[in-house]
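Me: I keep seeing labels on protein models and never know where they come from. Can we go through some of them for this one?

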Amino acid sequence: MLNKFIFLIFSLLPFFCSSQTDSTETDSVNALDEVVITGFQNNNPKFTSINIEPYKLEKINEKTPFNLSDALSKVPGISQISTGNSISKPVIRGLYGNRILVLLSGARFDNQQWQDEHGLGLSQIGIDRVEIIKGPASLLYGSDALGGVINVIEEKPDKLGRHFDFGTQTYLNTVGSLTDLGFSRKQERYWYRLRLGLENNADYSDGNNSRVLNSRNQGYYLKAGFGLERKKWKQENSYNFSVNQYGFILQDTGFVPDARWSSRMAGPHHIVILNLLNSQNTFYLNKSLLKLNVGGQSNLRMEDEGAGHISLNMHLFSALQSLRWEKNINRKTIFVCNEQFTFENNTNYGGRIIIPDANILETNISGYFKFFKKKFILETGAGINYKFISTLLTRGLNIPGEPIKPFNKNSITTNAMLGGVYNINGGVTLKANVSSGFRAPNLAELSSNGVHEGVYRYELGDPNLKVEHNVNSDLTLEANGKNYFFSGSVFYNRFFNYVYLESANMKYFGFDMYKYTQQNALLTGGEFYTSLRPKCMPDFQWKEGVTLTRGRLDNGDYLPFIPAYKLSSALRYEKNINKKIKTFFAEAECIYMFQQNHPAQFESSTSDYGLYNLYSGATIPSGKGSFKLGFNITNLANKVYADHLSRIKYYGLYNQGINFVASVRKTF
């Protein structure tokens, strides 16, 4: 009750001054005049019915997240499934894994996220911004975009000359750090960039100051880019290399505790090695625009059982290509044609196998129209997709026995979108969108037949599973004034042939057996956000956010990993102090998570809890560059809690306790 009372007081405070508001600033994170670059058209969020939200790296770094998934979880409607601090994957409106498409440098990114304990594995270093699409986007991107899209856009120099920067942030709870340095140069007709990064964290402590054994991680990053700009051709090339190691957090890893602040990977851990090469090309034709994107990705995932013994060792290679043609038919009509092609090969080299060797081919083509008429905008389009999966002869999964029988799976799917925008006077925008999406079952759902140690159960796949479809309706109201911003969005997401695990009512050597099956499902909810700058406190900004999500199968059971209702309140002070301190800010944040008492089959109910965070920073000019300093405290009250989307709460383990974070960045 005390938590609820505190949050109620925080929520009502700003309205005591609201009648006098007359500020001239809005929340820069949510200002609607920022242009975003999506996979189908350069767009202002105000002029599209698709729910697109851009977030700059500068705003992401203010809260010094552990990784990109952690950063995105601060956005209304976004959560994260976590296995400790370092392993996490984003959840958009209750959907995750292969139901969320991730783009990196404009190309599909696949980090084998079909397994619960496989994280996104992307760092926030070296990116410019992240664009989030909530709801189906299969028309634009093909399969797997039925829950939403996370578009990670990497940095490139925007000013002529040489630029150098260095930054580090340190975490007291894990005695860890994330450090990177970058160099770039831009000339009239070309540019290039290079960035190196290193992160290292020991095991974290929970609110009881108890050590969560083997929650450590290490990461090494190399990013490079090169671009050309000609009169009718622009090219952006990027290369990404990373090596990440994540400790296993299980009920019994057999790992003998080592020195308290050791980050040495002596116990069981994941090893993920990524290589990504991509080239984005834009051709300015006579009266149209053509964009060609080609690339290749190598994803090597290994599991070390301890002492250097590699059990799981699988490699995913992806060849990617996309083509987009944009044409202004007249002053009021735009046409966009999209085409994507993907080829993937999965190969096992280790002694333990959880999915078979396979080849996957997918191609997608779609057409999209946008019509303008005064204050009204109409968007519509349709597409068709073909996907082919062919598994190869592979020995048994996890256990000795008969090899897995190869099978072929192909599907042809259509999808469509219809949306409208009405820009009312006074900065009010009303959006409505109905979109369909689809996803072919992944290899784990089709072919599993063995024990998955990471989740302590025996799983059985079904090669006869059907394609998963959904139809999502989204209604959004936005109001952007001189001193306030409001956004409210509600959604109704109907699924057909939703794939999930159910009990097989059998055991295998003490392991419960589960099988993949299908049933229709429904997800509903919404996100509401407002910010206010009262006249009585011109340097202050009040922010409120509410996120609601509910998911159920048609048989009445609840869907897994549905986040609890969330209420967030924040008070921010920001001011240009003087010539020595250009900008100073301090932000107090309260997050209240309601009780989640609708658990799915493998879950348990989660109690409500409240968290208090403090963020602060300053920008200090220095020569031709500047220093950016930050000091944050998260979980200020050292609350003992377990988030509903934490996979380790089933082992009686809790989320991280109080953490002090200091950061500094120097630009030249």
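Reply: Sure, let's take the labels one at a time and check each against its rule. Keep in mind that this is a predicted model.

Me: Okay, what makes Lys59 and Glu62 a salt bridge?

Reply: Their closest N and O atoms are 3.8 Å apart. The cut-off is within 4 Å, for a Lys or Arg side-chain nitrogen and an Asp or Glu carboxyl oxygen. So 3.8 Å passes, and the pair gets the label.

Me: Why is Glu62 called buried?

Reply: Because buried means under 20% relative accessible area, and Glu62 has 17%. Its partner Lys59 comes out at 24%. That is neither under 20% nor over 50%, so Lys59 is called partly exposed.

Me: Which residues are in a salt-bridge network with these two?

Reply: Lys59 and Glu62 are linked with Lys543, Arg572, Glu574 and Glu587. Across the whole model, the rule gives 40 salt bridges.

Me: How do you know that Arg195 and Asp180 make a salt bridge?

Reply: Same kind of check: the N to O distance is 2.5 Å, and the limit is 4 Å. Arg195 sits in strand S12 (residues 190-201) and Asp180 in strand S11 (residues 176-186), so the bridge ties together parts 15 residues apart in sequence.

Me: Are those two buried or exposed?

Reply: Buried. Arg195 has a relative accessible area of 6% and Asp180 has 5%, and the cut-off for buried is under 20%.

Me: And what about Lys370 and Glu379, what makes that pair a salt bridge?

Reply: Their side chains meet at 3.7 Å, N to O, and that is within the 4 Å limit. Lys370 is buried at 1%, and Glu379 is buried at 0%.

Me: Why would such side chains pair up at all?

Reply: Because side chains of opposite charge can pair when their charged atoms come close.

Me: Now Asn632. How do you know that it is buried?

Reply: Asn632 has a relative accessible area of 1%, and under 20% counts as buried. You'll find Asn632 in strand S32 (residues 625-634).

Me: What makes the link between Asn632 and Thr64 a polar contact?

Reply: The distance between their side chains there is 2.9 Å, and the cut-off is within 3.5 Å. A polar atom of the Asn632 side chain also lies 3.0 Å from the backbone oxygen of Glu62. Further contacts of Asn632 include Lys63, Leu614 and Phe660.

Me: Why is Arg108 called buried?

Reply: Because its relative accessible area is 14% and the cut-off is under 20%. Arg108 is in strand S7 (residues 107-109). A polar atom of its side chain lies 3.3 Å from the backbone oxygen of Tyr141. Among the other contacts of Arg108 are Leu103, Asp144 and Glu362.

Me: Last one: which residues touch the most other members of the largest nonpolar core?

Reply: Phe109, Leu122, Val130, Ile132, Ile150 and Tyr498, out of 36 residues in that core. Strand S26 (residues 484-508) gives the most to this core, with 4 residues. There is also a second, separate core of 17 residues, including Trp114 and Tyr516.

Me: What does Ile150 touch?

Reply: Leaving out residues up to four places away in sequence, the contacts of Ile150 include Leu72, Pro90, Ile92 and Val130.

How values were computed: Residues numbered from 1 in each chain as written. Predicted model: local features only at pLDDT ≥ 70, side-chain atom pairs only at ≥ 80, totals over all residues. Heavy atoms only, no water. Core = buried A, V, L, I, M, F, W, Y, C linked by side-chain atoms within 4.5 Å. Buried < 20%, exposed > 50% of the residue type's maximum accessible area, 1.4 Å probe, protein only. Helix = DSSP H or I, 4+ residues; strand = E, 2+ residues; numbered from the N terminus. Contact = heavy atoms within 4.5 Å. Polar contact = N/O pair within 3.5 Å; in protein donor to acceptor, adjacent residues only side chain to side chain.
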